[in-house]
Amino acid sequence: MTWTPIHNQPYTPVPYRPERIPDSESLRAAAELRARMDQRRTVRAFSTDPVPEQVVIDAIAVAATAPSGAHQQPWTFVLVTDPEVRARIREAAEEEERISYDGRLGEEWLSALRPLGTDKHKPHLTDAPYLIVVFQQRFYLDEDGEQHKHYYVDESVGIAVGMLLTALHLAGLAALTHTPSPMRFLSEVLDRPRNEKAFAVIPVGYPAPDATVPNLVRKDLDQVIVRV
Ligand code: IYR
């Protein structure tokens, strides 16, 4: 059944009875997932090797199962493979990043970024075989061009991107959450409608054979979890 915007429709509940997983299996699955996700790293050096497109499509399908405000699913995932379009995105992103790294970010921000080793060069935008440019739909535009409000758009799209990164990692792919700022050029290059605002650019592929990552330490769980 094709989804269409639901406004003012009655509540129509359907049963939800997933089979219960035994505790032993839950514990095993959670521990295994925890260990696998602990291996995920943001990658900035990509191989140009091709990736099966269906893996990326399936990961986007996972992201699109995310919960969203009023179930409005306020996201669009633009899958960019065209080398010419990727080159234009890289050029525009590097122009913005040059201004950012040359001072726009300010000393405090630049010093926060220093341990990550990032700079204004963004070769991943043309090296990685896929770019997923995630747009948030700030509102819904109906056939008459009328605007309808979307709710909790940042939260909804943030959750979807988290699920996308998880799915890509579990499928054996590397990704980078890239947020060039300002991102307006993405709407122009990708010709997106006025209800959409770029949220992140996610290069996807395999790490370059000589890829390195910063030696980051995750917070201990007791710094993250508070029991009350
Ligand atoms: N958008 C810039 C700067 C940047 C900002 C943060 I916060 C990061 O965690 C990483 C980078 C860039 O992509 O380089």
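In strand E2, the bridge partner of Leu79 is Ile132, and this pair belongs to the antiparallel pairing of E1 with E2 (residues 130-137), which extends over six bridges. The model is a predicted one, and in it the protein comes to seven helices and six strands. A ligand is also present, and the pocket in which the ligand sits is the second largest. The points below take up the overall build, the sheet, the ligand site and two backbone features.

**Overall build**

- Read from the N terminus on, the elements of the protein follow the order α-α-β-α-α-α-β-β-β-α-β-α-β, a succession made up of seven helices and six strands.
- The C-alpha trace of the protein, taken along its principal axes, spans about 55 × 55 × 40 Å.

**The sheet**

- An open sheet is formed by four strands, which are arranged in the order E1-E2-E6-E5 and pair in the antiparallel sense.
- At the edges of this sheet are strand E1 (75-80) and strand E5 (174-175), each of which pairs on one side only.
- The pairing partner of E1 is strand E2, with six bridges between them, and Leu79 has Ile132 of E2 as its bridge partner.

**The ligand site**

- The shell around the ligand consists of Glu97, Tyr101, Trp109, Leu113, Leu116, Lys122, His178 and Thr179, and by residue class this shell divides into four nonpolar, two polar and two charged residues.
- Two helices, H3 (83-104) and H4 (107-113), each supply at least two residues of that shell.
- Nitrogen atoms of the ligand take part in two of the listed approaches: a ligand nitrogen lies 3.3 Å from an N or O atom in the side chain of Glu97, and a ligand nitrogen lies 3.1 Å from a backbone N or O atom of Thr179.
- On the side of the ligand's oxygen atoms, an oxygen is 3.0 Å from an N or O atom in the side chain of His178.
- Of the 370 Å² of accessible area that the ligand has on its own, the protein covers 71%.

**Backbone features**

- Most residues other than glycine have a negative phi, and most peptide bonds are trans.
- His71, which is found in the loop between helix H2 (53-63) and E1, has a positive phi, near 50 degrees, although it is a residue other than glycine.
- The peptide bond that joins Ser181 and Pro182 is cis, with omega at about -5 degrees, and Pro182 itself lies in the loop that runs between E5 and helix H7 (184-189).

Note on methods: Residues numbered from 1 in each chain as written. Predicted model: local features only at pLDDT ≥ 70, side-chain atom pairs only at ≥ 80, totals over all residues. Heavy atoms only, no water. Near = heavy atom within 4 Å. Polar contact = N/O pair within 3.5 Å; in protein donor to acceptor, adjacent residues only side chain to side chain. Areas by Shrake-Rupley, 256 points an atom, 1.4 Å probe, with all protein chains shown as cover. 1 Å grid on protein atoms, 1.4 Å probe; cavity = no way out; pocket = protein on both sides within 12 Å on 5 of 7 lines; lining within 4 Å. Sits in = over half its atoms within 2 Å of the grid points. Nonpolar A, V, L, I, M, F, W, Y, C, P; charged D, E, K, R; others polar. Pairing = 2+ DSSP bridges.
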